Amino acid sequence: MNRRLRTIVVEDERLPRLTLLAKLQALADDVEVVADCDSYETARDSIRTLKPDLLLMDIQLQGRDSITLLHKLQDEMPLPSVIFTTAYDDRSYLMNAIKLQAADYLLKPVSPAELRQAVEKVKRRQPDALHPSPVTLHPSQAKLAFRTSAGRVWVVPDSIAYVKAARNYAVLVCFDHEELLLDSLHAIEAVLDPQQFVRVDRSTIVNRRTVVQLNTRSMVCRLRSADGVELKLELSKVAIDHLKNI
């Protein structure tokens, strides 16, 4: 049987809130609205009490920041999945949403199609769903595909210098660009070739084939691509020693 997502809608303006609730009626097979809130305080209390699976949440609540609310709740309880809604296309909000593992970030007025896609994304994240691997092979078998907020990005393994943890996400550092990946460092490590990529500490995976120098005095690892591009990575003594011994 299809388990519905217990959902709280948080929107301080009456008409947008009623409009969103009406659009959710078309998703009744997947969504059960257990509360709708019009303020920071009612949202906080409802989330604490009802512990929903999903929040549909406006970024701004009567001049207060809903991201701040979620950061405070995060210290008390596991956060539900979050779909942010906003009238503002602001990259700083988007980056904060990503750090909170937001499932999606929708601009108002939210279209029914975008809402359905966002809800389906949340359902795929549920514990009883089958999760695809965070990394897949390109049909050419020469590249890896990583999940990002904009979709998938294809990367040649040898172009990767290192991967750093960023809370529940990770930053992929290549010799010519960086990508914020929508998976944890642990999940990414599980699918990378251990002969090429080594976890040197809790927060860093290094492409061992690109390491050209380890400076134990300054605690810096120097990495170089095949075409001569160099990067420097500051590491702990434990990480430097680990690299020296492999």
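What percentage of the 246 residues in the protein chain is made up of buried residues? In this predicted model, buried residues account for 42% of the 246 residues in the protein chain. The surface that the chain exposes comes to about 13300 Å², and 49% of that area is supplied by carbon and sulfur atoms.

With regard to secondary structure, the protein chain contains 7 helices together with 18 strands. Among the contacts that link residues at least 6 apart in sequence, 50% are formed between residues that lie at least 24 apart.

The confidence of the prediction was considered next. Across the protein chain the mean pLDDT is 85, and a value of 70 or more is reached by 86% of the residues. Two segments were noted in which pLDDT stays under 50, one of them covering residues 128-132 and another covering residues 137-141. For residues 128-132 the model has 6 contacts beyond four places in sequence, and for residues 137-141 it likewise has 6 contacts beyond four places in sequence.

At the level of single residues, Arg14 belongs to helix 1, which comprises residues 14-25. The relative accessibility of Arg14 is 60%, and because the class of exposed residues begins over 50%, Arg14 counts as exposed. The position of Arg14 can also be described relative to Cys37, since the C-alpha atoms of Arg14 and Cys37 are separated by 9.8 Å, while the two residues are 23 residues apart along the chain.

Technical notes:
Residues are numbered from 1 along each chain as its sequence is written. This is a predicted model: local features need pLDDT of at least 70, side-chain atom pairs count only at pLDDT 80 or more; totals for chains, interfaces and linings use all residues. Side-chain values use heavy atoms; hydrogens and water are left out. pLDDT is the predictor's confidence in each residue, from 0 to 100. Contact means heavy atoms within 4.5 Å. Helices (H or I, at least four residues) and strands (E, at least two) are DSSP runs, numbered from the N terminus. Buried means under 20% relative accessible area, exposed over 50%, partly exposed in between (1.4 Å probe, protein chains only). Accessible areas come from the Shrake-Rupley method with a 1.4 Å probe; for residues, only the protein chains shown count as cover.
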